[in-house]
Amino acid sequence: MAAPLPRFRIYTRPKSYAQELLEWVTVRTHVGEAIQEFERAVAERIQMPHGLATPTARTGIYLAVRHLIKPGQKVILSPITISDVVNMVLCAGGIPVFADVKRETCNIDPDEIERLIDENTGAVLITHLHGLASDMDRIVEICRKKNIPLIEDCAQAFSSRYKGKPVGSFGAASVFSFGMYKNVNSFYGGMVLTRDAGMYESLRAERETWPFQDASLHIRKVLHAFATDISTHPLVFRSFTFWLFRYAFLNNIDRINKMVIVDQDPQAKEKIPTDYLCRMRPMQARICLSQLENVEKYNSMRIDRSKLYYEGLKDIPELILPPMHLDGSHLYTYYPIQYKDRHALAKHAMRHNRDFVLSHYHNCAALECFKKYFRSCPNADAVSKELIYLPSYPRYSVSEVEKNIKVIRAFFGK
Ligand SMILES: *Cc1c(COP(=O)(O)O)cnc(C)c1O
């Protein structure tokens, strides 16, 4: 088989780079009212009254948690997330309490939330992982009954809808990411949404005191995205990048394998780094605004690809597949499957020139740096060891999906 399309492509378009270049050269990155316009556009879409742009989703999580809890209170959250989300809870004065996930969805288990809430719980922070909406009927009911504010991490679920209602509109606050790997991205960006005018006003006043995001940091992010875009361009990927990563993967060359691992060296943070407290530039809001029109189209393309995976793999009992929902509640940023010996499957796929990625999520409940907060979460443990991402992004062709299915079926002797 010939070389494949890559495991992921970022959603940046040539237009975004052109705009960056133009606005830096003409010194306009900080000019205009686009931040307010972007905040209104997202808030309207998510059906929340107030949106506040932040430099990253994590800064939004920090602000929301800090506002909604009293220092020293517990925050119940999923252990399948990036370690910095846990850090934001710590920096906001919260005590992380890890609640185990469900195997199929990798999302927090509502029964665990209910079991873990006590008189010192300040908030529940849920993650809609892989664009799969959590069980909102149950979670909203639990939080309402116990009178605990709910915060939704929607970094991977922009425009997902649960029973027709936008994800991010169920709690006291919700957080979105517009970082480089997200489906609406300004290389670096985020937003916190709230229904509480007082919370919004106080966070906005605080944000006005912050500087713009550091220009050199921003430009480094753009160059990183550009290098990623070039190396995953089909021409470059098929003739060069794939063979490099294939060789490294099949021969266990860690230096190269590690290049694709995020969150490699998790460290606990108890004080918010000062560079997390900065403002998005109006230019970034302009870039995001121009991407909003494609969101629904790309969502439905990912759902179509996921349906093919589902139909092609559902008779393999060794695999755990995500639930297949066509109602817009599940957006499948990737098609996440789980298998006990994922390395064997990934090696088999690579040998047959298929490019998959193993998920690198830690089970944060078992990380050394958070050992003070350890809780046994067997499902999260299994997810962190078994999760594989099959590409579902819009530019990934249907014939590539079919080749992946064929190679996986062959691995299981089908
Ligand atoms: C990407 C991501 C974040 C962090 O977003 P940033 O904008 O990089 O801070 C948080 N939670 C989840 C689930 C994510 O996927």
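**Rules set against values**

Modeller: The count comes to 1 cavity of 30 Å³ or more. A reminder before we go on: this is a predicted model, where local features need pLDDT of at least 70, side-chain atom pairs count only at pLDDT 80 or more, and totals for chains, interfaces and linings use all residues. Residues are numbered from 1 along each chain as its sequence is written, and side-chain values use heavy atoms, with hydrogens and water left out.

Colleague: Why is a space called a cavity and not a pocket?

Modeller: On a 1 Å grid over the protein atoms alone, a 1.4 Å probe fits in a cavity but cannot get out, whereas a pocket is an open set with protein on both sides within 12 Å along at least five of seven lines. The largest cavity holds about 60 Å³, a volume being the space filled by probe spheres set on points joined across faces, edges and corners.

Colleague: Which residues line the largest cavity?

Modeller: Arg9, Ile10, Tyr11, Arg13, Tyr298, Tyr393, Pro394 and Arg395 do, and a lining residue has an atom within 4 Å of a point. They divide into 5 nonpolar, no polar and 3 charged. Tyr and Pro count as nonpolar and Arg as charged, so Tyr11 and Pro394 go with the nonpolar group and Arg9 with the charged one.

Colleague: What lines the second largest pocket?

Modeller: There are 23 lining residues, with Phe249, Ile261, His343, Leu358 and His360 nearest the centre. Helices H9 (234-250), H10 (254-257) and H13 (342-351) and strand E11 (357-358) each give two or more. H13 gives the largest share, 5 residues. The space in this pocket is about 510 Å³.

Colleague: What makes Arg58 a polar contact of the ligand?

Modeller: A polar contact is a pair of N or O atoms within 3.5 Å. A polar side-chain atom of Arg58 lies 2.7 Å from a ligand oxygen, so the pair qualifies. Gln156 has such an atom at 2.7 Å from an oxygen of the ligand, and Lys182 has one at 3.3 Å. The protein covers 92% of the 380 Å² of accessible area that the ligand has on its own (Shrake-Rupley method, 1.4 Å probe).

Colleague: How do you know that E10 pairs with E12?

Modeller: Two strands pair if DSSP finds at least two bridges between them. E10 and E12 (residues 387-390) are joined by 4 bridges, so they meet that rule, and they run antiparallel. Pro336 stands opposite Tyr389 in E12.

Colleague: Where do E10 and E11 stand in the sheet?

Modeller: The open sheet of 3 strands has the order E10-E12-E11, with antiparallel pairing. E10 (335-338) and E11 are at the edges with a single partner strand each, so one side of each has no neighbour in the sheet.

Note on methods. Polar contact = N/O pair within 3.5 Å; in protein donor to acceptor, adjacent residues only side chain to side chain.
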